Amino acid sequence: MARKKEYIESEVIDKAMELFWKNGYETTSMQMLEKQMGINKFSIYSSFGSKKGVFLECVKSYRKKLLAITDKLKDSNNGIVGIKEYFYDFLEFAKDNNDFIKGCLVTNAANELNEDSDPVIKNQLSNFTKEIRSLFENNIRQETGFTEVQIQEQSDYYIVSMFGLSSASRVFNRHQLDIFIENIFNNT
C-alpha cells in the first residue's frame, strides 16, 4: 500500500522555486532542496523523479504566477507602451518580502547554461523565452510603420533587454533600473 503524502506538493514546489530562483538550477543541490522543501530525498524522487523534475515543476508554477503580468501584456492594446509597462510590472513581480528584486527564475537559470547543460532544461527555458518574445512581437504589431524585419528585430531587442533587466535587478538599485528601462524605450 502506498504511503500518504504528508506535504502539499504546491507548497513544497513554491519552496523549491524560491531556492532555484535564488541559486539557479546548476548550483542547487539535492541536500539544499531537502532542507528548503522540508521533505526527504525519497519523497522528492517519489513525487518528482529528480532534481530536474522538481525544477520543471517550479517553471510551471512560475509561469502560473507570472500570468498576472503576462496576461496583462497579452490583453494590452498599447503597443510598445504595453511592453514598457510589462518591464515595470516585472520589477514589482520579482520582489521578495524585503523588497529585494530577485530577477527572473528562468533568466537566473539560463545564465548558468553551457554546452553540457541538460537539453530538457535548455528547451524549457528556451520555450519560456519564446513565449515572452511572442507577446512582445504581438504588441509591436499593434504599432504602425514597422516592417516584418523591424518587428522581429525589435522583439529580439526587447527580449535581450528583458534578460539584461532580470540580471541587473539583482545588483542595481531601483533608480538605476528605472533609468535602464527608460533608455530601452527611448531608443525605439
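Trainee: How many residues of the protein count as buried, as a percentage?

Mentor: Of the protein's 188 residues, 44% count as buried. Keep in mind that this is a predicted model.

Trainee: And which elements, helices or strands, does the protein have?

Mentor: There are nine helices and zero strands. Reading from the N terminus, the order is therefore easy to write down: α-α-α-α-α-α-α-α-α. For the overall dimensions, look at the C-alpha trace, which spans about 65 × 35 × 35 Å along its principal axes.

Trainee: What do contacts between residues at least 6 apart in sequence tell me here?

Mentor: They show how far along the chain the partners lie. In this protein, 65% of those contacts join residues at least 24 apart.

Trainee: Now the interior. Which residues of the largest nonpolar core touch the most other members?

Mentor: Start with the general idea: in soluble globular proteins, nonpolar side chains tend to be buried together. Here the largest nonpolar core has 55 residues, and V54, Y62, F87, F90 and F136 touch the most other members. Helix α4, residues 51-75, gives this core its largest share, nine residues.

Trainee: Which residues does V54 touch, beyond those up to four places away in sequence?

Mentor: V54 touches I13, A16, F20, L33, M37, I44 and F48. Keep L33, M37, I44 and F48 in mind for the next topic.

Trainee: At what angle do helices α2 and α3 pack?

Mentor: Helix α2 covers residues 30-37 and helix α3 covers residues 41-48; they pack at about 95 degrees, with their axes 9 Å apart. An angle from 65 to 115 degrees counts as roughly perpendicular, so α2 is roughly perpendicular to α3. On the α2 side the contact is made by M30, Q31, L33, E34 and M37, and on the α3 side by K41, I44, Y45 and F48. By class, this contact has six nonpolar, one polar and two charged residues.

Trainee: Is K41 buried, partly exposed or exposed?

Mentor: K41 sits in helix α3. Its relative accessibility is 30%, so K41 counts as partly exposed. Setting aside neighbours within four places in sequence, K41 is in contact with M30, Q31 and E34. Take M30: it is 11 residues from K41 in sequence, while the two C-alpha atoms are 7.2 Å apart in space.

Trainee: What about α4 and α7: at what angle do their axes cross?

Mentor: The axes of α4 and helix α7, residues 119-140, cross at roughly 5 degrees and come within 11 Å. Angles under 35 degrees count as roughly parallel, so α4 is roughly parallel to α7. Residues making the contact include F55, L56, V59 and Y62 of α4, along with F128, I132, L135 and F136 of α7. By class, the contact of α4 with α7 divides into 13 nonpolar, four polar and four charged residues. Y62 and F136 also appeared among the core residues that touch the most other members.

Trainee: How many disulfides does the structure hold, and why?

Mentor: Zero. The general test is distance: a disulfide needs two cysteine sulfur atoms within 2.5 Å. The sulfur of C58 is 13 Å from the closest cysteine sulfur, that of C104, so they are too far apart for a bond. C104 is in no disulfide either.

Trainee: Are C58 and C104 buried or exposed?

Mentor: C58 has 0% relative accessibility, so C58 counts as buried. C104 has 6%, so C104 counts as buried too.

Technical notes. Residues are numbered from 1 along each chain as its sequence is written. This is a predicted model: local features need pLDDT of at least 70, side-chain atom pairs count only at pLDDT 80 or more; totals for chains, interfaces and linings use all residues. Side-chain values use heavy atoms; hydrogens and water are left out. Buried means under 20% relative accessible area, exposed over 50%, partly exposed in between (1.4 Å probe, protein chains only). Axes are lines fitted to C-alpha atoms, for helices over the stretch in contact, and angles run from 0 to 180 degrees between N-to-C directions. Helices (H or I, at least four residues) and strands (E, at least two) are DSSP runs, numbered from the N terminus. Angles under 35 degrees count as roughly parallel, over 145 as roughly antiparallel, 65 to 115 as roughly perpendicular and the rest as oblique. Contact means heavy atoms within 4.5 Å. Ala, Val, Leu, Ile, Met, Phe, Trp, Tyr, Cys and Pro count as nonpolar, Asp, Glu, Lys and Arg as charged, and the others, Gly among them, as polar. A nonpolar core is a set of buried Ala, Val, Leu, Ile, Met, Phe, Trp, Tyr and Cys residues joined through side-chain atoms within 4.5 Å.
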